[in-house]
Amino acid sequence: MRVAHRLAGRNHREGTGGPFAAVVSVAGTGEIIAVGVNLVLASGLSGMHAVVVAQSLSQAHLGTWNLGGPGSDPVELAVNWRPCAMCYGAVLWSGIARLVIAGAGDEVEHLTGFDEGPMRPAWKEQLHARGVEVHTDVLRDEALATFREYGARDDAVVYNGGAR
Ligand SMILES: [Zn+2]
């Protein structure tokens, strides 16, 4: 999670995207498979959220669309906040065994101006039902500090691509 926080802060300061990052690792050993940051601004593609980037790079690296396939080690996804509506769906289909997030409340929307989309109230239970462990509030204050820093920028970009 510390890696995710560092990448998230650097990503928005470098101007490549929003203050979000994700790290995919082997759950048992912590070995990093791939990392991803929000690349919406850099790529011009609305779907290039950190979770999608990290999962896609992991799947490309391992040569499989299913990170939880037979014989594979359980894989963890660490993200510096709860996935948005799109990334939630991406997690469901990825084969991730464990989702670790810094927090899950609406603070991210209040502090950054981003719209995280219409999340299902039972999102966590739905993940559990599909075999995904969820751990929340890991290094939460660090995430909030990054979101505050981003929200204080005069040139912060909101979810629809327009400047505030
Ligand atoms: Zn997302």
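This is a short conversation about how to read a predicted protein model.

Student: What should I know about the model before I begin?

Tutor: It is a predicted model, in which local features need pLDDT of at least 70 and side-chain atom pairs count only at pLDDT 80 or more, while totals for chains, interfaces and linings use all residues. Residues are numbered from 1 along each chain as its sequence is written, and side-chain values use heavy atoms, with hydrogens and water left out.

Student: In what order do the strands form the sheet?

Tutor: Let's begin with the general idea. Strands of a sheet pair through backbone hydrogen bonds, either parallel or antiparallel. Strands (E, at least two residues) and helices (H or I, at least four) are DSSP runs, numbered from the N terminus, and two strands pair if DSSP finds at least two bridges between them. Here five strands form an open sheet with mixed pairing, in the order β2-β1-β3-β4-β5. β2 (32–37) and β5 (133–135) are at the edges with a single partner strand each, so one side of each has no neighbour in the sheet. From one strand to the next, the twist averages 15 degrees.

Student: Which strands run antiparallel to β1?

Tutor: β1 runs antiparallel to β3, with five bridges joining them, and V75 in β3 is the bridge partner of V26. β1 also runs antiparallel to β2, again with five bridges; there, S25 has I32 in β2 as its bridge partner. β1 and β2 form a hairpin with five residues between them, and G30 in the turn has a positive phi of about 80 degrees.

Student: And how many bridges link β3 to β4?

Tutor: Four bridges, with the two strands paired in the parallel sense. E76 stands opposite R98 in β4. β4 (residues 98–101) also pairs in the parallel sense with β5, over three bridges, and L99 has V134 in β5 opposite it.

Student: Is β3 buried or exposed?

Tutor: Buried means under 20% relative accessible area, exposed means over 50%, and partly exposed is in between (1.4 Å probe, protein chains only). Five of the five residues of β3 are buried, so this strand is largely enclosed by the rest of the structure. In a regular strand the side chains alternate between the two faces of the sheet. In β3, V75, L77 and V79 point one way, and E76 and A78 the other way.

Student: How do I describe two packed helices?

Tutor: Two packed helices are described by the angle between their axes and the distance between the axes. Axes are lines fitted to C-alpha atoms, for helices over the stretch in contact, and angles run from 0 to 180 degrees between N-to-C directions. Helix α1 (residues 2–14) packs with helix α7 (residues 140–151) at an angle of about 5 degrees, and their axes are 10 Å apart. α1 and α7 are therefore roughly parallel (angles under 35 degrees count as roughly parallel, over 145 as roughly antiparallel, 65 to 115 as roughly perpendicular and the rest as oblique).

Student: Which residues of α1 meet α7?

Tutor: Contact means heavy atoms within 4.5 Å. R2, H5, A8, G9, H12 and R13 in α1 meet E142, A143, T146, E149 and Y150 in α7. The residues of this contact divide into three nonpolar, four polar and four charged (Ala, Val, Leu, Ile, Met, Phe, Trp, Tyr, Cys and Pro count as nonpolar, Asp, Glu, Lys and Arg as charged, and the others, Gly among them, as polar).

Student: What are the protein donors of the zinc ion?

Tutor: Donors are N, O and S atoms within 2.8 Å of the metal (3.2 Å for Na, K and Ca); water is not among the atoms, so sites may look incomplete. For the zinc ion, the protein donors are H49 (ND1), C84 (SG) and C87 (SG), at 2.1 to 2.3 Å. Their spacing along the chain is H-x34-C-x2-C. C84 and C87 are both buried.

Student: Which residues have an unusual backbone?

Tutor: Most residues other than glycine have a negative phi, and most peptide bonds are trans. D137 is not a glycine, but has a positive phi of about 60 degrees. L139 is also a residue other than glycine, and its phi is positive, near 55 degrees. D137 lies in the loop between β5 and α7, as does L139. D137 counts as partly exposed at 45% relative accessibility, and L139 counts as partly exposed at 22%.
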